[in-house]
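Biologist: I would like to learn how to read a model of this kind, feature by feature. Could we begin with a single residue and proceed to the whole chain?

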Amino acid sequence: MSSYHPFPRLPPELQHEIWNLSIPPRQVELRPDIKGIPMRNLMTRTWEGCLENGFRSSTKTPPALQARRVSRAYLESAGGYSKAFTRDESPVYIWVNFALDTIALHYFHSVLDWVDMLGVEYDHITRLRLTYISIFGDSYGQLDDMRRHVQSSKIKELTLNGEWGNRSGEDYHWLYV
């Protein structure tokens with residue numbers, strides 16, 4: 001090869017293919033932003049304030065979304081990425097590809113609290129991993145309730161982990177087609 005052609009000079013179709021191949025499926029860990037929420041609200045199962053604060057995530061943004069404006073624009077329009085889990089006027093957001101990424105959420109309360117917490121994004125989630133932390137010892141019977149609720153949503157893959165009855169730390173995995 002006598003010369004090197006920088007990436008921007010590659011045909012757009014080839015650039016798009018490279019960007020698509022550079023994006024692996026991720027597990028996007030979500031945690032409610034509890035900064036400023038009184039501990040008594042958390043311990044008494046009152047999510048007051050958590051929904052307004054939105055979520056935080058330690059999951060890294062895919063490098064292709066940070067590399068160039070052109071790659072970010074492509075991945076937003078054709079690649080399926082969007083800024084998600086924003087609340088009100090907050091500048092905080094999490095990059096998510098709902099068709100590709102698994103949304104992972106830890107929760108402490110009743111079965112359907114997580115649906116309310118996810119808000120409008122719940123309707124777009126196709127892969128969900130829930131870890132139940134039973135600090136109140138009320139996990140009996142919730143497993144079937146969750147499965148029934150998920151069957152009526154767009155979720156295609158559900159993984160549950162946590163303290164379910166006598167079993168602790170085991171994964172329960174379902175695929176919905």
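**Reading the model**

Modeller: Arg68 touches Phe7, Pro8, Gln15 and Trp19, leaving aside residues up to four places away in sequence. Please keep in mind that this is a predicted model.

Biologist: Where is Arg68 placed, and is Arg68 buried or exposed?

Modeller: Arg68 is in the loop between α4 and α5. With a relative accessible area of 31%, Arg68 is partly exposed; that term is used because the value falls between the 20% limit for buried and the 50% limit for exposed.

Biologist: How should I read a helix such as α5, and which of its residues are buried?

Modeller: The general idea comes before the case. An α-helix has 3.6 residues a turn, so residues three or four places apart point the same way. In α5, which spans residues 69-77, the buried residues are Ser71, Tyr74 and Leu75. They lie on the same side of α5, because the arc they cover around the axis is only 95°. Arg69 and Ser77, on the other side of α5, are exposed.

Biologist: What covers the buried residues of α5?

Modeller: The cover includes α1, α4 (63-67) and β3.

Biologist: At what angle do α1 and α5 pack?

Modeller: The angle is about 75°, and the axes are 11 Å apart. The two helices α1 and α5 are therefore roughly perpendicular to each other, since angles from 65 to 115 degrees are given that name. On the α1 side, the contact is made by His16, Trp19 and Asn20, and on the α5 side by Val70, Ser71, Tyr74 and Leu75. Sorted by class, this contact has 4 nonpolar, 3 polar and no charged residues.

Biologist: Which residues touch the most other members of the largest nonpolar core?

Modeller: They are Leu30, Phe85, Ile103, Trp114 and Leu118, in a core of 25 residues. Two or more residues come from each of β1, β4, β5 (102-107), α6, β6, α7 (142-151) and β7 (157-164). The largest share, 4 residues, is that of α6. Another core, of 8 residues, lies apart from this one, and Ile23, Leu75, Tyr81 and Trp95 are among its members.

Biologist: What is notable about the phi of Phe85?

Modeller: Most residues other than glycine have a negative phi, and most peptide bonds are trans. Phe85 is not a glycine, yet its phi is positive, near 60°. Phe85 is placed in the loop between β3 (81-84) and β4 (94-97). Phe85 is also buried, with a relative accessible area of 1%.

Biologist: A charged residue in a loop is of interest to me as well. Is Arg26 buried or exposed?

Modeller: Arg26 is buried, with a relative accessible area of 13%; the term applies because this value is under 20%. The loop that holds Arg26 runs between α1 (12-21) and β1 (27-32). Apart from residues up to four places away in sequence, Arg26 touches Thr59, Lys60, Thr61, Pro62, Tyr81, Trp95, Val96, Asp101 and Thr102.

Biologist: How does Val120 read by the same steps, and how far apart in space are Val120 and Ala84?

Modeller: Val120 is in the loop between α6 (113-118) and β6 (127-132). Val120 is exposed, its relative accessible area being 62%. From C-alpha to C-alpha, Val120 and Ala84 are 9.4 Å apart, while in sequence they are separated by 36 residues.

Biologist: What share of the chain's contacts links residues 24 or more positions apart?

Modeller: Such pairs make up 61% of the contacts in the chain with a separation of 6 or more. The chain has 177 residues, of which 40% count as buried, and it contains 7 helices and 8 strands.

Conventions
Residues numbered from 1 in each chain as written. Predicted model: local features only at pLDDT ≥ 70, side-chain atom pairs only at ≥ 80, totals over all residues. Heavy atoms only, no water. Buried < 20%, exposed > 50% of the residue type's maximum accessible area, 1.4 Å probe, protein only. Contact = heavy atoms within 4.5 Å. Arc of directions from axis to C-beta. Core = buried A, V, L, I, M, F, W, Y, C linked by side-chain atoms within 4.5 Å. Axes fitted to C-alpha atoms, helices over the stretch in contact; angles between N-to-C directions. Parallel < 35°, antiparallel > 145°, perpendicular 65-115°, else oblique. Nonpolar A, V, L, I, M, F, W, Y, C, P; charged D, E, K, R; others polar.
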